[in-house]
Amino acid sequence: MCGIVGYIGKSQAAPIILDGLEKLEYRGYDSAGIAVYDGQQINMKKSVGRLKALVELTHGGAMMPGNLGIGHTRWATHGAPTDVNSHPHLNSKETIAVVHNGIIENYIKLRKKLENKGYLFVSETDTEVLAHLLDYYYKGNPLEAITKVMHRVEGSYALGVIFAEHPDRIFAVRKASPLIVGKSDEGCFIASDVPAILKYTRNVYFMENQEVACLKADELTFYSVDEEVIQKEPVTIEWDAKAAEKGGYEHYMLKEMYEQPKVLEETIRKCIIDDDIIIEELKMSEEDFRKISKIYIVACGSSYHAGVTGKYVIENIARVPVEVDLASEFRYRNPIIDENALVIVISQSGETADSLAAMADMHAKGVKVMGIVNVVGSSIARDADYIMYTWAGPEIAVATTKAYSAQLMALYLFAMKLGKAKSVLAQEEFRQMLEDMKLLPQQVEFLLSNQRKIQKFANRYIAAKSIFFIGRGIDYAISLEGSLKLKEISYIHSEAYAAGELKHGTISLIEDGTLVACVSTQEDLYQKTISNMVEVKARGAFVLAVTNEGNYEMQKEADYVIYIPKTNRYFTNTLAIIPLQLFGYYVAVGKGCDVDKPRNLAKSVTVE
């Protein structure tokens, strides 16, 4: 969840590293640090708080000359956010510097061993163990020291390492935490994610588990944990570099919300060809589809909410049973899965730790896994048996918007293709669904154009203490995501409930003035949902309804109604989420919250 950047080349390292860290600040932002070799020694600066403090401390990197360095933005796991606990960490002689993303699980045992040998620790972190362990094993050969450490360390790690005695190289090390290496005419780079170095190069190498990279100014060499040379081919990143910038918007989150029509259009362009669904990268045959007996959707956070929608859509369109699990629970419950089941793992980054672990467990049992991810070349993309990309481009804001919408679209397309392959979805219905899908981008654009009305409404709830979201069926799935959007960026307590469960306890929390957002887009459930609205209103709630255009009966019971354009009943979540995203955003902005970097959260959860 932390961010790593390193550079070696012809240019000054510090400004490049700080620029890259800015692109990765969404990965961790309670402290930051940088270490640069100036030709004689390793100089280090660290600062608690946002990256801006480090930039000011180093005068934009001008105070740290040198062509070789590593940097880090931290999301604290071991030890509070302090200057001492911030990365990089050094050995006692200050000749080895390390930055780390991940968790060293046996660090206490290793720390005691090193303390018994006379090593002194100054921080509370697991990472400082690595610096001293490297020192312990270093006898002049840095690669040998690194591989010995790899054999003895348990857990997950992505490392950037520099040795003062070898000022012509940086080492990158990976196990279960993402790390990429880039190369250009100006030098070589390491980074936790593509946006950090996209400004400098599009030629990227994705490191595999238990690999080491040695970077020189004009040369890259990859090694296995046994110090054997590995041949790797670069991947050319097709993203527009400007896609990772704010582009004049106040926040990345706002920009990414407004990119959703483009993302949906791109998905349609790539996947709907000649009135059929063609998912080139998926490489599943019609027979593969027909053999699927059951589906397990495994994900975390917003991806899990997309999976809940996927359950309703797949079961109705393809008549295949679906279970949806949080990855952190699925991997420990030892599910009973038959040989024709398919596990679908959904992850924006493709590096989510629990999702990767769940996928590894399934592979160990011989179960086929399909990944739905946004990042080409990510761990899930490389390791899954089948892959489906969401084509959302870089998403920087911690609170996902466009990547979530792209995941919904991927699940719609998969469900339709599965339903057609199993001869459950009639050709005429399939054709009509394609036509409805093609209208979604402009319908989303229309909803985004009404943002001022939602902003005005949101301003009324800046001081709210609790807000509830309710819905039935697919509407319950979207309520989950609407609630998460609000709570993660505004810090207002918010919960989502299946509307039918209100009377089983939750309704006791409703009091005068409580806002209840009611999502009602499924026509066969209108009356049931209205009855729940009446129940909460009778107890003093103020009801916001999100419903389909033409459902004017809602105006009789709701205090405020947001209408979404009519679409296929399975696609309504793509439209209903837009006003809920905008509502959460404007409440957070009104409260003065940092919507792109909400407290205690990070974009890519690469630790358990």
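**Exercise 1. A helix over a sheet**

Helix α16 (residues 474-490) lies across β23 (466-471), β24 and β25 (515-520). In this predicted model, work out which sheet these strands belong to, in what order its strands run, and which strands form its edges.

*Solution.*
Step 1. Start from the helix: α16 runs at about 175 degrees to β24.
Step 2. Now follow the pairing of the strands. The open sheet is made of 5 strands, ordered β24-β23-β25-β26-β27, and they pair in parallel fashion.
Step 3. Look for strands that pair on one side only: these are β24 (493-498) and β27 (560-564), the edge strands.
Step 4. For the geometry, compare neighbours: on average, and ignoring direction, neighbouring strands of this sheet are turned by 20 degrees against each other.

**Exercise 2. One end of the sheet**

How many bridges join strand β26 to β27, and which residue of β27 stands opposite N548?

*Solution.*
Step 1. Recall the background: strands of a sheet pair through backbone hydrogen bonds, either parallel or antiparallel.
Step 2. Count for this pair: β26 (residues 542-548) and β27 run parallel and are joined by 5 bridges.
Step 3. Pick out the residue facing N548: it is I564 in β27.

**Exercise 3. A polar side chain in a helix**

Take Q443 and decide whether this residue is buried or exposed; then find what its side chain meets.

*Solution.*
Step 1. Place the residue: Q443 belongs to helix α14 (residues 427-448).
Step 2. Check the accessibility. Q443 has a relative accessibility of 10%, and buried means under 20%, so Q443 counts as buried.
Step 3. List its neighbours. Leaving aside residues up to four places away in sequence, Q443 touches P565, K566, T567 and L575.
Step 4. Look for a polar partner: a polar atom of the Q443 side chain lies 3.0 Å from the backbone oxygen of K566.

**Exercise 4. Salt bridges within a helix and beyond**

The model has 27 salt bridges. Describe those that E266 forms with R269 and K270, then contrast their setting with that of the pair E323 and R333.

*Solution.*
Step 1. Begin with E266 and R269: their closest N and O atoms are 2.8 Å apart. Both residues sit in helix α7 (residues 260-271), 3 residues apart, about one turn of the helix.
Step 2. Add K270, whose side chain meets that of E266 at 3.8 Å, N to O. This pair also lies in α7, 4 residues apart, again about one turn.
Step 3. Compare accessibility: E266 is partly exposed at 26%, K270 is partly exposed at 28%, and R269 is exposed at 53%.
Step 4. Turn to E323 and R333, a salt bridge with an N to O distance of 2.9 Å. E323 lies in strand β19 (residues 322-326) and R333 in the loop between α10 (327-330) and β20 (341-347), so the pair ties together parts that are 10 residues apart in sequence.
Step 5. Widen the view: K294, E323, D325 and R333 are joined into one network by salt bridges that share partners.

**Exercise 5. Cysteines**

How many disulfides does the structure hold, and how far from C188 is the nearest cysteine sulfur?

*Solution.*
Step 1. The number of disulfides is 0.
Step 2. For C188, the nearest cysteine sulfur is that of C214, 9.5 Å away. A disulfide needs two sulfur atoms within 2.5 Å, so C188 is in no disulfide.
Step 3. Finish with burial: C188 is buried, at 0% relative accessible area, and C593 counts as buried at 12%.

Notes
Residues are numbered from 1 along each chain as its sequence is written. This is a predicted model: local features need pLDDT of at least 70, side-chain atom pairs count only at pLDDT 80 or more; totals for chains, interfaces and linings use all residues. Side-chain values use heavy atoms; hydrogens and water are left out. Buried means under 20% relative accessible area, exposed over 50%, partly exposed in between (1.4 Å probe, protein chains only). Helices (H or I, at least four residues) and strands (E, at least two) are DSSP runs, numbered from the N terminus. A polar contact is a pair of N or O atoms within 3.5 Å; within protein, one must be able to donate a hydrogen and the other to accept it, and residues adjacent in sequence count only if both atoms are side-chain atoms. Contact means heavy atoms within 4.5 Å. Two strands pair if DSSP finds at least two bridges between them. Axes are lines fitted to C-alpha atoms, for helices over the stretch in contact, and angles run from 0 to 180 degrees between N-to-C directions. A salt bridge is a side-chain nitrogen of Lys or Arg within 4 Å of a carboxyl oxygen of Asp or Glu.
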